[in-house]
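Me: Please take a close look at a single part of this model, and then place it in the rest of the chain. Give the cut-off behind each term as you go.

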Amino acid sequence: MSSSSPVASIKSQEKSINDINATSVSSASVNESKPGVWKNFKDSFKPPESSNSGRPQNKSTSSTSDSDSITKNNNNNNNNDDIEEGSIHAPLKQTLKKRQLQMIALGGCVGSGLLVASGLAMQNGPASMIVAWTIVSTFLYCTMQSLAELSSSYPVTGSFATYSVKFVDPSWGFAMGWNYAMFWVIVLPLELVASALTINFWNSNINSDAWVAIFYVLIFFLNLCGNRGFGETEFVASIIKLLGIVGFNILAIVLICGGGDQGFIGGKNWHPPFTTGFKGVVSVLLTATYSLAGTELVGLTSSESAGDSRKILPKAIKQVVWRIVIFYLLTLTLLGCLVSPKNPDLASASGNAASPFVIAIKEGGIKGLPSVFNVIILVALLAIANSAVYGFSRTVLALAEQGLAPKIYTYVDRKGRPLAGIATSAFVGLLSFISAYKKQADVFDWLVSLSGLSTLFTWGSINGAFIRYRMAMKAQGRSVEDLAYKSNTGLIGAYYGLIANVVILGLQFWLALFPVGESPKAVTFFKTYLGGVIVLVFYVGHKIWSRTWRLYIKAKDIDLDNGKMAVDIELIKQEIEEEKAALRAKPLYYRIYDFWC
């Protein structure tokens, strides 16, 4: 045996002992790394262990050097500091999947506006309904294209308020952010009460507050599940709603052709097409806007979507055109054939019994199907309530990150849940328990009036921010060819969307002063236009508080680099060229499909 063998033996023994110790430590660490379910639940509410969330970074993505960018930002004294603070650092989870985003865009906000409130609009005549929805749909498509371009370059939380702060004016961004937050926080109790009243279709003996309590707990349980709860709920609910509407459309064609108790219907209910004239069309514009409200919610998901936001989000937003054409215009046209605007149930019935869908099915003599469709309405209402908590919590988070809301709203836990925003929604949601109050209709009329015009202001601001963004690019010598995604409708579409929203706001002001079939009343005016007064108070209040009296940020002073998605511009250009070349090689029908889808 060699002289070195004892040393080797000792080393071998030391190695064995070390291996045993390492195995013991590893086993102990494994055991320690498996805490109980309760501890995991408690720990999930704690602050994130790491602030690196993979969110957009605040660095220049253009060819300009970092030193030039810093110099430019230091010289940008006119830019509000809150904009710089608005760089998003809150650790939201980027776990929303492509399929979820597409279904949110396609069927996410199909709710009471289409399924129930369209019955009120139908009293103005089927043509009034189609004209109003067509007008709103055209400028909504332009708005969504503007949003697609902005959100693909700046995937930020609460994007609508953030874009207004960054590209228009901080005071306007403050007003728009709180206007949008107020919209969603008020929608929650409204949808919960509507969901509870839906149950009365089957059994009205149970106190509606009991159902409110059940739905209240369900909605907040889903939101405490984080993005997984929100995304999967929206995905499943959208499938149910879309299948229900497609099924109804098939049934409607059968009934129109004579398959029901009424025999052949054809287009006899389209006479007269307009029952209340021009004022009727104007009044339906607001109903159409309400029914399409929430379409922009997919833009709030840009900072929480997994994958390439340059491709996924614009692709999802393009799905909106199909929802407009198939699930709104086609469906409303068929409804106009099935239900007469003079049908007494449209005016006298309450809740879901006034739904033109339910009325059409009943008059067709089909047993059991009204109950099935009532389930679809219930799912739609609960899905909107779920979206309301998500929309409010993300919007108020963005406002807080820019110093426009209390700092407590910036708290996001380890599961990516903005808890303060969710808790505020839960508190305001308690208003839904007044559903058993005898004057609850008056209370909710005033709640609706607080945010009744919110959607028009939001859509107009998205287009306004887009216009200022493009102006800033031009003033600073940036090329639109460097964009990750370029809007199909461009500046012309944005101007059309902005002007259309302003015109409708003006027409609603006129209608608030001189309502259809009524004499002017102060109560009627404020129930219709209180939302506009609230926006004005927010805007002027922030101007006084911040003591900045400029109307807008100059195009040359807008910071185009802060908050922008960090990408390799040359690589993006190469990818876009390759995609264009591949598309040119495809047949014409595919190129048309790709443009719209």
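Reply: Helices and strands are DSSP runs numbered from the N terminus, a helix being H or I over at least four residues and a strand E over at least two. The model is predicted, and local features need pLDDT of at least 70, side-chain atom pairs count only at pLDDT 80 or more, and totals for chains, interfaces and linings use all residues. Residues are numbered from 1 along each chain as its sequence is written, and side-chain values use heavy atoms, with hydrogens and water left out.

The part chosen is helix α19, residues 369–401, together with its two packing partners described here. Two packed helices are described by the angle between their axes and the distance between the axes. The axes are lines fitted to C-alpha atoms, for helices over the stretch in contact, and angles between N-to-C directions run from 0 to 180 degrees.

One partner is α18 (residues 356–363), which packs on α19 at an angle of about 170 degrees with the axes 9 Å apart. Angles under 35 degrees count as roughly parallel, over 145 as roughly antiparallel, 65 to 115 as roughly perpendicular and the rest as oblique; α18 and α19 are therefore roughly antiparallel. Their crossing is right-handed, meaning that the near helix is turned clockwise from the far one by less than a right angle (anticlockwise would be left-handed). Contact here means heavy atoms within 4.5 Å. On the α18 side the contact uses Phe-357, Val-358, Ile-361 and Lys-362, and on the α19 side Leu-369, Pro-370, Phe-373 and Ile-377. These divide into 7 nonpolar, no polar and 1 charged residues, where Ala, Val, Leu, Ile, Met, Phe, Trp, Tyr, Cys and Pro are nonpolar, Asp, Glu, Lys and Arg are charged, and the others, Gly among them, are polar.

The other partner is α20 (residues 419–429), at about 130 degrees to α19 and with an axis separation of 8 Å. That angle makes α19 oblique to α20, and this crossing too is right-handed. Val-389, Phe-392, Ser-393 and Val-396 of α19 meet Gly-421, Ile-422, Thr-424 and Ser-425 of α20. By class, this contact has 4 nonpolar, 4 polar and no charged residues.

As for the rest of the chain, it has 26 helices and 0 strands. Of its 597 residues, 53% are buried (under 20% relative accessible area; exposed is over 50%, partly exposed in between; 1.4 Å probe, protein chains only). Among contacts between residues at least 6 apart in sequence, 85% join residues at least 24 apart.

Some loop positions also deserve a note. Leu-96, between α4 (81–85) and α5 (98–107), is buried at 1% relative accessible area. Its C-alpha atom lies 6.2 Å from that of Gly-231, 135 residues away along the chain. Most residues other than glycine have a negative phi, and most peptide bonds are trans. Arg-547, in the loop between α24 (522–546) and α25 (569–584), has a positive phi of about 55 degrees and is exposed at 69%. The peptide bond from His-271 to Pro-272 is cis, with omega near 0 degrees; Pro-272 sits in the loop between α12 (226–259) and α13 (277–292).

Last, the cysteines: with a disulfide taken as a pair of cysteine sulfur atoms within 2.5 Å, the count is 0. For Cys-257, the nearest cysteine sulfur is that of Cys-337, 9.7 Å away. Cys-257 is exposed, at 54% relative accessible area, whereas Cys-142 is buried at 8%.
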